[in-house]
Amino acid sequence: MTDTIQKVAWKSASNIALVKYWGKHSEQIPMNPSISITLENANTQTSIQYNKSNGSDVKVDFLFEGNRKPEFGQKIERFIARIAKDYPLLNEFSYIIESSNSFPHSTGIASSASSMSALAMNLYSILREHGAIASEDLSIASSMSRLGSGSACRSVYPGFAVWGNSEIVDGSHDEYAVEVNEKIHEEFKNTHDSILIVDSAKKSVSSTEGHALMAGHSFRESRIKQSHDNLKVLMQALEGGDWHKFTEIVELEALTLHALMMSSVPSYILLHPNTLKVIELIREFRNATSTAMAFTLDAGPNIHLLYPDYNAGAVKSFINDALIQYCEERKVLHDKAGQGPEKLI
Ligand code: DP6
């Protein structure tokens, strides 16, 4: 191995869950299976310059959008050290890592899925280029991403990915996600996601704390069963091109996530009054026009409005006419199902 500086870089996007991952145990093992759509525009670009280090500890110098962030650097050092347990080659380098997001910080969009998957793709590339991973296997990159952030493990694939063991998805696994795009009907192939920024303030509960609340939740067992049932029906809808069934399950999952937070001890309400107003308007418009569209929510107040490509004109007009006034500074981010991570260097 030479002593020269080497460089890799990847771009990876966030994803929006349709059946939600909420609750985990052991080393980032999900309480229940989840499925998501990897997006395109909300992404993180991360580059790593690395060269042979003299010391035995992993050393990281981390810059976010040009500014040195020692606290994150230490977090990443621990993350790399964890992966180095399986791939000791990573202990041999020191790293300069530079990262930036395509979306402004003030949108309340969670960046852990895009940032941790971009980072994991870089480490995966380093291991591939030095022969520590013999052949292409994205489940390894997915598993590495999971250790950084659970939802990130689904972002290493384009389009639709399932994470967590489920009897209805062949090859599904608790340690990594699998892509299920070959099963997806044309109707859903180019699904759009317009993110309505109702409130960009920092969340009052981190997802890590939120997951922990599920451990002793009164509805834990029924939630686990419900997620399996919902994944089954949703997969049928996705295979059959059924927007009606899709909408029923996706909205049920979004509201269940918030109902679980509201009914946990302590309880959290992350919905904003305008979240409810927008949901009401979406349902009214859908009832009146039969436009195929469904909303979902992350662990926050912002609304993701999902719709097929052929409705893009109609839904964007509806957003501009009726919904944008309920968004903070009229902020809406238009995104869609994406191609998965892209190697830049
Ligand atoms: C509500 O992946 O952010 O977005 O594993 O602690 O990093 P950690 O949690 P995270 O949780 C995301 C939860 C969710 C639902 C989902 O993406 O499935």
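Reader: What makes up the shell around the ligand by class: how many residues are nonpolar, polar and charged?
Author: The shell has 5 nonpolar, 8 polar and 4 charged residues. Ala, Val, Leu, Ile, Met, Phe, Trp, Tyr, Cys and Pro count as nonpolar, Asp, Glu, Lys and Arg as charged, and the others, Gly among them, as polar. This is a predicted model, in which local features need pLDDT of at least 70, side-chain atom pairs count only at pLDDT 80 or more, and totals for chains, interfaces and linings use all residues. Residues are numbered from 1 along each chain as its sequence is written, and side-chain values use heavy atoms, with hydrogens and water left out.

Reader: What makes the contact of Arg 154 with the ligand a polar contact?
Author: A polar side-chain atom of Arg 154 lies 2.7 Å from a ligand oxygen. A polar contact between protein and ligand is a pair of N or O atoms within 3.5 Å, so the Arg 154 pair qualifies. For Ser 207, the distance from a side-chain N or O atom to a ligand oxygen is 2.9 Å.

Reader: Why is the ligand said to lie between two domains?
Author: Domain 1 (6-183) and domain 2 (190-336) both give residues to its shell, so the ligand lies between them. The domain bounds come from an automatic or database domain assignment.

Reader: Why is Asn 311 called buried or exposed?
Author: Its relative accessibility is 12%. Buried means under 20% relative accessible area, exposed over 50%, and partly exposed in between (1.4 Å probe, protein chains only), so Asn 311 counts as buried.

Technical notes:
Polar contact = N/O pair within 3.5 Å; in protein donor to acceptor, adjacent residues only side chain to side chain.
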